[in-house]
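These are my comments on the model, set out as numbered points. They begin with a local detail of packing and then move to the wider fold.

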Amino acid sequence: MVRIKGQVQAYQWGGQEFIPELLGTINENLQPQAEYWLGAHPSARALTLADRIPIDDLLSTRGAPPLQFLLKILDVNDMLSIQAHPNKSQAKEGFARENALGIALDAKYRNYKDASDKPELMLALSEFWLLHGFRQAEEIAELLAGHDCLAPLVECIQEQGLADAFAFALDFAAKEVQTMQHALAGDLYETKTSFAKDTPEFWVQRWLQNNPHVKNGILTLFFLNLVKLEPGMAVYQPAGLLHAYLEGQNVELMANSDNVLRAGLTPKHIDVNELLRTCTIAPSHPQDFVINPQMLANGEIRFITPFTDFELAELCPAPGGNTTWRSTTPEILFCYEGSATLSTGGSHRLDLKRGESLLLLPGADVAMHAGTSGARCFKARNLP
Ligand SMILES: [Zn+2]
(Lines give C-alpha, C1' and ligand atoms only; values in the text may rest on other atoms or scores of the structure.)
Protein backbone atom coordinates (compact mmCIF):
# COMPACT_ATOMS: atom_id res chain seq x y z
CA MET A 1 0.00 0.00 0.00
CA VAL A 2 1.76 3.13 -1.27
CA ARG A 3 0.56 6.73 -1.57
CA ILE A 4 0.67 7.98 -5.15
CA LYS A 5 0.08 11.19 -7.06
CA GLY A 6 -1.30 11.42 -10.59
CA GLN A 7 -0.88 14.10 -13.23
CA VAL A 8 -3.22 16.83 -14.41
CA GLN A 9 -3.73 17.33 -18.16
CA ALA A 10 -4.44 20.93 -19.12
CA TYR A 11 -6.48 20.26 -22.25
CA GLN A 12 -8.36 23.28 -23.56
CA TRP A 13 -11.84 21.81 -23.01
CA GLY A 14 -11.35 21.40 -19.25
CA GLY A 15 -12.89 23.48 -16.49
CA GLN A 16 -10.84 25.58 -14.08
CA GLU A 17 -12.27 24.69 -10.69
CA PHE A 18 -13.43 21.11 -10.30
CA ILE A 19 -10.09 19.29 -10.42
CA PRO A 20 -8.12 21.85 -8.35
CA GLU A 21 -10.88 21.79 -5.74
CA LEU A 22 -10.92 17.98 -5.74
CA LEU A 23 -7.13 17.73 -5.38
CA GLY A 24 -6.85 20.63 -2.94
CA THR A 25 -4.54 22.59 -5.23
CA ILE A 26 -4.64 26.21 -6.34
CA ASN A 27 -5.11 26.97 -10.03
CA GLU A 28 -3.11 30.20 -10.00
CA ASN A 29 -3.00 30.84 -13.74
CA LEU A 30 -6.62 29.75 -14.25
CA GLN A 31 -5.48 27.05 -16.66
CA PRO A 32 -8.11 24.62 -17.90
CA GLN A 33 -7.68 21.41 -15.89
CA ALA A 34 -9.36 18.74 -17.96
CA GLU A 35 -8.14 15.37 -16.70
CA TYR A 36 -6.41 13.86 -13.70
CA TRP A 37 -4.54 10.71 -14.77
CA LEU A 38 -3.78 7.90 -12.36
CA GLY A 39 -1.85 5.24 -14.22
CA ALA A 40 1.39 4.34 -15.94
CA HIS A 41 0.90 5.70 -19.45
CA PRO A 42 4.35 6.91 -20.61
CA SER A 43 3.04 10.41 -21.38
CA ALA A 44 1.91 11.05 -17.78
CA ARG A 45 2.95 8.46 -15.20
CA ALA A 46 1.70 8.56 -11.64
CA LEU A 47 4.50 8.69 -9.05
CA THR A 48 4.86 7.49 -5.49
CA LEU A 49 4.30 10.47 -3.21
CA ALA A 50 7.31 9.91 -0.97
CA ASP A 51 10.07 8.99 -3.45
CA ARG A 52 8.58 10.10 -6.78
CA ILE A 53 9.12 6.66 -8.33
CA PRO A 54 6.95 5.95 -11.39
CA ILE A 55 4.39 3.40 -10.27
CA ASP A 56 5.14 1.03 -13.17
CA ASP A 57 8.78 0.90 -12.00
CA LEU A 58 7.63 0.19 -8.46
CA LEU A 59 5.35 -2.64 -9.64
CA SER A 60 8.12 -4.26 -11.66
CA THR A 61 10.69 -4.06 -8.83
CA ARG A 62 8.13 -5.74 -6.55
CA GLY A 63 7.55 -8.47 -9.16
CA ALA A 64 3.94 -7.37 -9.71
CA PRO A 65 2.30 -7.31 -13.16
CA PRO A 66 1.99 -3.95 -14.98
CA LEU A 67 -1.23 -1.94 -14.79
CA GLN A 68 -3.67 -2.86 -17.54
CA PHE A 69 -5.65 0.35 -17.12
CA LEU A 70 -5.58 4.09 -16.86
CA LEU A 71 -7.90 5.72 -14.32
CA LYS A 72 -8.97 9.32 -14.94
CA ILE A 73 -11.17 12.02 -13.46
CA LEU A 74 -12.56 14.35 -16.13
CA ASP A 75 -14.07 17.83 -15.98
CA VAL A 76 -15.71 18.47 -19.34
CA ASN A 77 -16.46 22.17 -19.70
CA ASP A 78 -16.38 22.44 -23.49
CA MET A 79 -17.29 19.55 -25.83
CA LEU A 80 -14.62 17.04 -26.79
CA SER A 81 -13.93 15.92 -30.34
CA ILE A 82 -16.15 13.25 -31.88
CA GLN A 83 -13.98 10.17 -31.70
CA ALA A 84 -13.57 6.42 -31.84
CA HIS A 85 -10.82 4.13 -30.58
CA PRO A 86 -9.21 1.28 -32.50
CA ASN A 87 -9.48 -2.39 -31.61
CA LYS A 88 -6.39 -4.44 -30.68
CA SER A 89 -5.36 -5.47 -34.18
CA GLN A 90 -6.04 -2.01 -35.67
CA ALA A 91 -3.94 -0.39 -32.94
CA LYS A 92 -1.05 -2.83 -33.43
CA GLU A 93 -1.09 -2.40 -37.18
CA GLY A 94 -1.53 1.42 -37.02
CA PHE A 95 1.25 1.87 -34.48
CA ALA A 96 3.67 -0.23 -36.57
CA ARG A 97 2.66 1.60 -39.77
CA GLU A 98 3.26 5.08 -38.31
CA ASN A 99 6.56 3.92 -36.81
CA ALA A 100 7.64 2.60 -40.22
CA LEU A 101 6.72 5.97 -41.74
CA GLY A 102 9.07 7.61 -39.26
CA ILE A 103 6.34 9.77 -37.65
CA ALA A 104 7.59 10.99 -34.26
CA LEU A 105 5.61 9.69 -31.27
CA ASP A 106 4.73 13.22 -30.19
CA ALA A 107 3.95 14.50 -33.72
CA LYS A 108 0.65 16.41 -33.82
CA TYR A 109 -0.58 14.39 -36.81
CA ARG A 110 0.19 11.00 -35.25
CA ASN A 111 -2.92 8.79 -34.77
CA TYR A 112 -1.43 5.84 -32.88
CA LYS A 113 0.55 6.75 -29.76
CA ASP A 114 0.87 3.12 -28.61
CA ALA A 115 -0.01 -0.38 -29.79
CA SER A 116 -2.97 -0.89 -27.45
CA ASP A 117 -6.71 -0.75 -28.00
CA LYS A 118 -8.62 1.67 -25.77
CA PRO A 119 -11.93 0.32 -24.54
CA GLU A 120 -13.38 2.78 -22.00
CA LEU A 121 -16.08 3.02 -19.41
CA MET A 122 -17.26 6.06 -17.50
CA LEU A 123 -19.21 6.75 -14.33
CA ALA A 124 -21.00 10.11 -14.10
CA LEU A 125 -20.12 12.26 -11.08
CA SER A 126 -22.56 14.98 -12.11
CA GLU A 127 -25.36 15.14 -14.66
CA PHE A 128 -23.35 14.16 -17.74
CA TRP A 129 -24.08 14.67 -21.45
CA LEU A 130 -22.47 12.67 -24.23
CA LEU A 131 -22.89 11.44 -27.78
CA HIS A 132 -22.86 7.66 -28.00
CA GLY A 133 -23.15 5.64 -31.25
CA PHE A 134 -25.32 6.26 -34.30
CA ARG A 135 -29.06 6.98 -34.35
CA GLN A 136 -31.35 5.08 -36.71
CA ALA A 137 -31.08 6.41 -40.30
CA GLU A 138 -34.75 7.52 -40.41
CA GLU A 139 -34.31 9.48 -37.20
CA ILE A 140 -31.19 11.22 -38.56
CA ALA A 141 -33.02 12.10 -41.80
CA GLU A 142 -35.87 13.59 -39.78
CA LEU A 143 -33.53 15.74 -37.67
CA LEU A 144 -31.57 16.93 -40.71
CA ALA A 145 -34.81 17.73 -42.53
CA GLY A 146 -35.54 20.35 -39.86
CA HIS A 147 -33.05 22.57 -41.71
CA ASP A 148 -33.69 23.35 -45.39
CA CYS A 149 -29.99 24.01 -45.93
CA LEU A 150 -29.21 20.34 -45.14
CA ALA A 151 -31.34 18.93 -47.97
CA PRO A 152 -28.34 17.38 -49.82
CA LEU A 153 -27.51 15.35 -46.71
CA VAL A 154 -31.13 14.24 -46.25
CA GLU A 155 -31.19 13.08 -49.85
CA CYS A 156 -27.91 11.22 -49.41
CA ILE A 157 -29.03 9.33 -46.31
CA GLN A 158 -32.38 8.42 -47.85
CA GLU A 159 -30.92 7.21 -51.14
CA GLN A 160 -27.49 5.87 -50.21
CA GLY A 161 -27.80 5.04 -46.53
CA LEU A 162 -26.08 5.89 -43.27
CA ALA A 163 -22.45 5.06 -44.15
CA ASP A 164 -22.37 7.15 -47.32
CA ALA A 165 -24.18 10.05 -45.66
CA PHE A 166 -21.78 10.05 -42.72
CA ALA A 167 -18.75 9.97 -45.03
CA PHE A 168 -20.35 12.84 -46.99
CA ALA A 169 -20.80 14.90 -43.79
CA LEU A 170 -17.09 14.42 -43.11
CA ASP A 171 -15.93 15.38 -46.61
CA PHE A 172 -14.81 18.81 -45.47
CA ALA A 173 -13.13 19.64 -48.79
CA ALA A 174 -16.42 19.28 -50.71
CA LYS A 175 -18.03 22.58 -51.71
CA GLU A 176 -21.49 21.24 -50.88
CA VAL A 177 -20.44 20.30 -47.34
CA GLN A 178 -18.84 23.68 -46.75
CA THR A 179 -22.03 25.35 -47.95
CA MET A 180 -24.17 23.24 -45.59
CA GLN A 181 -21.88 23.88 -42.61
CA HIS A 182 -21.82 27.58 -43.33
CA ALA A 183 -25.59 27.83 -43.72
CA LEU A 184 -26.30 25.78 -40.59
CA ALA A 185 -23.80 27.81 -38.57
CA GLY A 186 -25.45 30.99 -39.86
CA ASP A 187 -28.90 29.70 -38.91
CA LEU A 188 -27.97 28.55 -35.44
CA TYR A 189 -25.28 31.00 -34.45
CA GLU A 190 -27.15 34.13 -35.38
CA THR A 191 -30.62 33.06 -34.35
CA LYS A 192 -31.83 34.02 -30.90
CA THR A 193 -33.84 30.79 -30.68
CA SER A 194 -32.74 28.68 -27.77
CA PHE A 195 -32.97 24.92 -28.09
CA ALA A 196 -33.51 22.23 -25.49
CA LYS A 197 -30.41 20.42 -24.28
CA ASP A 198 -31.60 17.13 -25.76
CA THR A 199 -31.47 18.46 -29.34
CA PRO A 200 -28.44 18.43 -31.66
CA GLU A 201 -29.08 22.12 -32.37
CA PHE A 202 -28.31 23.05 -28.74
CA TRP A 203 -24.87 21.47 -29.02
CA VAL A 204 -24.13 22.94 -32.46
CA GLN A 205 -24.90 26.35 -30.96
CA ARG A 206 -22.78 25.65 -27.89
CA TRP A 207 -19.88 24.50 -30.07
CA LEU A 208 -20.06 27.58 -32.30
CA GLN A 209 -20.24 29.95 -29.34
CA ASN A 210 -17.01 28.52 -27.96
CA ASN A 211 -15.29 27.75 -31.28
CA PRO A 212 -16.68 30.14 -33.91
CA HIS A 213 -13.90 29.26 -36.36
CA VAL A 214 -14.16 25.46 -36.30
CA LYS A 215 -17.17 24.30 -38.32
CA ASN A 216 -15.81 20.97 -39.52
CA GLY A 217 -17.78 18.26 -37.79
CA ILE A 218 -20.94 20.18 -36.83
CA LEU A 219 -23.07 18.10 -39.21
CA THR A 220 -22.07 14.89 -37.44
CA LEU A 221 -23.89 16.03 -34.29
CA PHE A 222 -27.17 15.08 -35.99
CA PHE A 223 -25.98 11.50 -36.55
CA LEU A 224 -25.30 10.44 -32.98
CA ASN A 225 -27.44 9.43 -30.01
CA LEU A 226 -27.58 12.21 -27.45
CA VAL A 227 -27.44 10.78 -23.93
CA LYS A 228 -27.95 12.31 -20.50
CA LEU A 229 -26.60 10.32 -17.56
CA GLU A 230 -27.64 11.03 -13.99
CA PRO A 231 -24.90 11.06 -11.33
CA GLY A 232 -23.92 7.47 -10.48
CA MET A 233 -24.86 6.04 -13.89
CA ALA A 234 -22.16 4.31 -15.91
CA VAL A 235 -21.76 3.48 -19.59
CA TYR A 236 -19.04 1.91 -21.75
CA GLN A 237 -17.69 2.41 -25.23
CA PRO A 238 -16.31 -0.61 -27.05
CA ALA A 239 -13.71 -0.25 -29.81
CA GLY A 240 -15.09 1.41 -32.94
CA LEU A 241 -18.10 3.06 -31.26
CA LEU A 242 -18.26 6.76 -32.11
CA HIS A 243 -18.72 9.02 -29.09
CA ALA A 244 -18.03 12.46 -27.65
CA TYR A 245 -18.26 13.84 -24.14
CA LEU A 246 -20.22 17.06 -24.07
CA GLU A 247 -20.54 18.30 -20.50
CA GLY A 248 -20.07 17.21 -16.91
CA GLN A 249 -17.67 15.40 -14.60
CA ASN A 250 -16.90 11.70 -14.62
CA VAL A 251 -14.56 8.92 -13.60
CA GLU A 252 -13.15 7.14 -16.62
CA LEU A 253 -11.40 3.81 -16.77
CA MET A 254 -9.75 2.56 -19.92
CA ALA A 255 -6.95 0.45 -21.29
CA ASN A 256 -3.53 2.02 -20.86
CA SER A 257 -3.66 3.79 -24.22
CA ASP A 258 -3.98 7.21 -25.84
CA ASN A 259 -5.15 6.08 -29.29
CA VAL A 260 -7.86 8.44 -30.52
CA LEU A 261 -9.23 8.83 -34.05
CA ARG A 262 -11.10 12.10 -34.45
CA ALA A 263 -13.94 13.18 -36.73
CA GLY A 264 -13.98 16.92 -36.24
CA LEU A 265 -15.25 19.33 -33.58
CA THR A 266 -11.67 19.92 -32.56
CA PRO A 267 -8.73 22.06 -33.54
CA LYS A 268 -6.64 18.87 -33.02
CA HIS A 269 -5.46 16.49 -35.74
CA ILE A 270 -8.29 14.70 -37.50
CA ASP A 271 -7.91 11.77 -39.89
CA VAL A 272 -11.29 11.10 -41.46
CA ASN A 273 -10.17 8.17 -43.62
CA GLU A 274 -8.59 6.35 -40.69
CA LEU A 275 -11.68 7.04 -38.57
CA LEU A 276 -14.06 5.74 -41.24
CA ARG A 277 -11.86 2.66 -41.63
CA THR A 278 -11.95 1.84 -37.92
CA CYS A 279 -15.34 2.98 -36.63
CA THR A 280 -18.54 0.96 -36.68
CA ILE A 281 -21.09 2.76 -38.87
CA ALA A 282 -24.34 1.17 -37.73
CA PRO A 283 -27.11 2.34 -35.42
CA SER A 284 -26.84 1.34 -31.77
CA HIS A 285 -28.87 1.84 -28.60
CA PRO A 286 -27.04 3.59 -25.74
CA GLN A 287 -29.10 1.64 -23.17
CA ASP A 288 -27.37 -1.55 -24.40
CA PHE A 289 -24.10 -0.08 -23.07
CA VAL A 290 -25.35 1.22 -19.73
CA ILE A 291 -23.68 -0.76 -16.94
CA ASN A 292 -25.83 -2.35 -14.24
CA PRO A 293 -23.85 -2.03 -11.01
CA GLN A 294 -23.57 -5.18 -8.90
CA MET A 295 -23.17 -5.07 -5.14
CA LEU A 296 -20.92 -7.60 -3.38
CA ALA A 297 -21.39 -8.82 0.20
CA ASN A 298 -18.77 -6.34 1.49
CA GLY A 299 -20.74 -3.40 0.03
CA GLU A 300 -18.41 -2.98 -2.93
CA ILE A 301 -20.23 -1.90 -6.10
CA ARG A 302 -18.77 -3.34 -9.29
CA PHE A 303 -19.26 -1.92 -12.78
CA ILE A 304 -18.90 -5.03 -14.90
CA THR A 305 -18.38 -4.69 -18.66
CA PRO A 306 -17.34 -7.12 -21.40
CA PHE A 307 -13.77 -5.76 -21.08
CA THR A 308 -11.39 -8.44 -19.90
CA ASP A 309 -8.38 -6.38 -18.74
CA PHE A 310 -9.73 -4.11 -15.99
CA GLU A 311 -12.66 -3.27 -13.76
CA LEU A 312 -14.03 -0.27 -11.88
CA ALA A 313 -15.61 -0.53 -8.44
CA GLU A 314 -16.90 1.90 -5.84
CA LEU A 315 -16.63 1.64 -2.07
CA CYS A 316 -18.96 3.81 0.03
CA PRO A 317 -18.72 2.80 3.70
CA ALA A 318 -21.10 4.76 5.97
CA PRO A 319 -19.68 7.07 8.67
CA GLY A 320 -17.51 4.89 10.91
CA GLY A 321 -18.26 1.82 8.77
CA ASN A 322 -15.82 -0.86 7.69
CA THR A 323 -15.19 -2.88 4.59
CA THR A 324 -12.53 -5.44 3.74
CA TRP A 325 -11.20 -7.14 0.63
CA ARG A 326 -8.14 -8.94 -0.68
CA SER A 327 -6.21 -7.41 -3.56
CA THR A 328 -5.29 -10.16 -6.01
CA THR A 329 -3.95 -7.84 -8.72
CA PRO A 330 -2.54 -4.27 -8.69
CA GLU A 331 -5.24 -1.79 -7.67
CA ILE A 332 -5.52 1.99 -7.52
CA LEU A 333 -7.79 3.50 -4.92
CA PHE A 334 -8.94 7.11 -5.26
CA CYS A 335 -10.87 8.89 -2.51
CA TYR A 336 -13.55 11.09 -4.02
CA GLU A 337 -15.49 12.07 -0.89
CA GLY A 338 -14.99 11.89 2.86
CA SER A 339 -12.06 10.08 4.42
CA ALA A 340 -10.97 6.62 5.49
CA THR A 341 -8.18 4.78 7.24
CA LEU A 342 -6.71 1.87 5.33
CA SER A 343 -4.74 -0.94 6.86
CA THR A 344 -3.15 -4.05 5.43
CA GLY A 345 -2.50 -6.34 8.39
CA GLY A 346 0.12 -5.57 11.01
CA SER A 347 0.59 -1.91 11.82
CA HIS A 348 0.67 -0.55 8.28
CA ARG A 349 -2.00 2.16 8.25
CA LEU A 350 -2.68 5.11 5.99
CA ASP A 351 -5.25 7.89 6.16
CA LEU A 352 -6.87 8.74 2.88
CA LYS A 353 -8.96 11.84 2.25
CA ARG A 354 -10.74 13.51 -0.68
CA GLY A 355 -8.43 13.81 -3.70
CA GLU A 356 -5.82 11.34 -2.42
CA SER A 357 -4.87 7.99 -3.92
CA LEU A 358 -3.11 4.74 -3.17
CA LEU A 359 -1.52 1.90 -5.10
CA LEU A 360 -2.25 -1.53 -3.64
CA LEU A 361 0.08 -4.37 -4.49
CA PRO A 362 -1.35 -7.82 -5.11
CA GLY A 363 -1.77 -10.09 -2.11
CA ALA A 364 -2.84 -7.51 0.48
CA ASP A 365 -5.71 -8.06 2.91
CA VAL A 366 -7.14 -4.58 3.02
CA ALA A 367 -9.40 -3.14 5.73
CA MET A 368 -11.04 0.23 5.20
CA HIS A 369 -12.52 2.20 8.08
CA ALA A 370 -14.54 5.25 7.05
CA GLY A 371 -14.17 8.60 8.81
CA THR A 372 -16.96 10.49 10.57
CA SER A 373 -18.56 11.64 7.32
CA GLY A 374 -18.21 8.30 5.53
CA ALA A 375 -16.18 7.80 2.37
CA ARG A 376 -16.67 7.33 -1.34
CA CYS A 377 -13.68 5.75 -3.06
CA PHE A 378 -13.18 4.43 -6.58
CA LYS A 379 -11.12 1.33 -7.11
CA ALA A 380 -9.60 0.32 -10.43
CA ARG A 381 -7.95 -3.04 -10.80
CA ASN A 382 -6.45 -5.41 -13.33
CA LEU A 383 -8.65 -8.37 -14.09
CA PRO A 384 -6.59 -11.52 -13.68
ZN1 LIG B 1 -13.09 8.16 -26.01
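1. In this predicted model, the cover over the buried residues of helix H6 includes helix H5 (151–160) and helix H7 (175–190). The residues concerned, in a helix that runs over residues 162–169, are Ala165, Phe166 and Ala169. They lie on the same side of H6, because the arc they cover around the axis is only 100°.

2. Helix H4 (residues 137–144) can be read in a similar way, its buried residues being Ile140, Ala141 and Leu144. Here too the arc around the axis is only 100°, which puts these residues on the same side of H4. The buried residues of H4 pack against H5, and H5 is also among the elements that cover the buried residues of H6.

3. Helix H5 itself contains glutamate 155, and I would ask whether this residue is best described as buried, exposed or partly exposed. Glutamate 155 has 14 other C-beta atoms within 10 Å, and it is therefore partly exposed, since the buried class begins at 20 such atoms and the exposed class ends at 12. Between the C-alpha atoms of glutamate 155 and glutamine 287, which are 132 residues apart along the chain, the separation is 29 Å.

4. The largest nonpolar core has 103 residues, and those that touch the most other members are Phe69, Leu153, Ala244, Leu246 and Leu253. Strand E20 (residues 364–382) gives the most to this core, contributing seven residues, and at least three residues come from each of domain 1 (136–222) and domain 2 (294–382). As background, nonpolar side chains in soluble globular proteins tend to be buried together.

5. Phenylalanine 69 deserves a closer look in the viewer, and one may ask which residues it touches when those up to four places away in sequence are not counted. The contacts of phenylalanine 69 are with Gly39, Leu253, Met254, Ala255, Asn256, Asp309, Phe310, Ala380 and Asn382. Of these partners, Leu253 is itself listed with Phe69 among the core residues that touch the most other members.

6. Strand E1 (residues 2–5) pairs with two strands, which are best inspected together. With strand E19 (residues 357–360) the pairing is antiparallel and extends over three bridges, whereas strand E4 (residues 47–48) is joined to E1 by two bridges, also in the antiparallel sense. Isoleucine 4 takes part on both sides, since its bridge partner in E19 is serine 357 and its bridge partner in E4 is threonine 48.

7. On the overall fold, the protein has nine helices and 20 strands. Its radius of gyration is 22 Å, close to the 21 Å that the globule rule gives for 384 residues, so the protein is as compact as a globular protein of that length. Along the principal axes, the C-alpha trace spans about 70 × 50 × 40 Å, and buried residues make up 44% of the 384 residues. Among contacts with a separation of 6 or more, 74% are between residues 24 or more positions apart.

8. Finally, the domain assignment gives domain 1 (136–222) and domain 2 (294–382), and the centres of domain 1 and domain 2, taken over C-alpha atoms, are separated by 45 Å. This should be read alongside the core described above, which draws at least three residues from each of the two domains.

Definitions and conventions:
Residues numbered from 1 in each chain as written. Predicted model: local features only at pLDDT ≥ 70, side-chain atom pairs only at ≥ 80, totals over all residues. Helix = DSSP H or I, 4+ residues; strand = E, 2+ residues; numbered from the N terminus. Arc of directions from axis to C-beta. Contact = placed C-beta atoms within 7 Å. Core = buried A, V, L, I, M, F, W, Y, C linked by C-beta atoms within 7 Å. Domains from an automatic or database assignment. Rg over C-alpha atoms; globule rule 2.2 N^0.38 Å. Pairing = 2+ DSSP bridges.
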